[in-house]
Amino acid sequence: EAARAGYAAAVRLNPFEPRYGFWLVGLLREAARREGDPARRLALSRDAVAAARAMERSGPGDVRALHALGGSLAALAVEGVPEALPEAAAVLERGLRADWSYRSLLETRRTVAGLRGDRRVWADSSARLARLDALNNK
């Protein structure tokens, strides 16, 4: 709780510094993964989405903010809010347009495509990841 309060305060003081928001979202998502109580896990997932939305408002084209929001929406969908999944996919597409080479976003995009049963996006994400691997091995 102390870390959460500290990150939340940092975000309030400097909402345009994406690191603070990214750390807060990560903390909330990790807390949700560790939480045993389903209602509390859902609440933490909703808090992560809210924090990621605030990041996205402060930096609408920032790939880290879009990745945080898309991933948080996907986690919320897994927690029983399936209507969050289409929005997660749309946000991750915006992130892809912001930076086609952001590996974490591509991995999350592929995961969301798998959850949605979207073979085309899954294959596209896999191909992009393979292309990145080939570029990094040169």
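Helices (H or I, at least four residues) and strands (E, at least two) are DSSP runs, numbered from the N terminus. Residues are numbered from 1 along each chain as its sequence is written. The model is predicted, so local features need pLDDT of at least 70 and side-chain atom pairs count only at pLDDT 80 or more, while totals for chains, interfaces and linings use all residues, and side-chain values use heavy atoms, with hydrogens and water left out.

**Exercise 1. The overall plan**

Work out how many helices and strands the protein has.

Step 1: Go along the chain from the N terminus, and the elements read α-α-α-α-α-α-α.
Step 2: That gives seven helices and zero strands.
Step 3: Now look at burial, where buried means under 20% relative accessible area, exposed over 50%, and partly exposed in between (1.4 Å probe, protein chains only). Of the 138 residues, 38% count as buried.

**Exercise 2. The length of H7**

Check the span of helix H7 against the expected value.

Step 1: The expected span is 1.5 Å times one less than the number of residues.
Step 2: H7 covers residues 119–136, which is 18 residues, and 26 Å is expected.
Step 3: From its first C-alpha to its last, H7 reaches 26 Å, close to that expected value.
Step 4: Take a peek at the N-terminal end too. Asp118 caps H7 there, with a side-chain oxygen 3.3 Å from the backbone nitrogen of Arg120. Such a polar contact is a pair of N or O atoms within 3.5 Å; within protein, one must be able to donate a hydrogen and the other to accept it, and residues adjacent in sequence count only if both atoms are side-chain atoms.

**Exercise 3. The two sides of H7**

Find out where the buried residues of H7 sit around its axis.

Step 1: List them: Val121, Ser125, Ser126, Arg128, Leu129 and Leu132.
Step 2: Look down the axis of H7, and these buried residues fall within an arc of 160 degrees (taken from the directions from the helix axis to the C-beta atoms), so they line one face of the helix.
Step 3: Remember that an α-helix has 3.6 residues a turn, so residues three or four places apart point the same way.
Step 4: Turn to the face away from the buried side, and you meet the exposed residues Arg119 and Arg120.
Step 5: Ask what does the covering: helix H5 (84–98) and helix H6 (103–116) are included.
Step 6: Zoom in on Ser125, which is buried at a relative accessible area of 0%. Leaving out residues up to four places away in sequence, Ser125 touches Leu106, Arg109 and Arg110, where contact means heavy atoms within 4.5 Å.

**Exercise 4. H4 and the core**

Decide which helix gives the most residues to the largest nonpolar core.

Step 1: A nonpolar core is a set of buried Ala, Val, Leu, Ile, Met, Phe, Trp, Tyr and Cys residues joined through side-chain atoms within 4.5 Å.
Step 2: The largest one has 32 residues, and those touching the most other members are Val25, Leu28, Leu69, Leu73, Ala84 and Val112.
Step 3: H4 gives the most to this core, with nine residues.
Step 4: Compare that with burial: 13 of the 16 residues of H4 are buried, so H4 is largely enclosed by the rest of the structure.
Step 5: Check the ends of H4. At its start, a side-chain oxygen of Asp62 comes to within 2.7 Å of the backbone nitrogen of Arg64, and Gly80, with a positive phi near 115 degrees, follows the helix.
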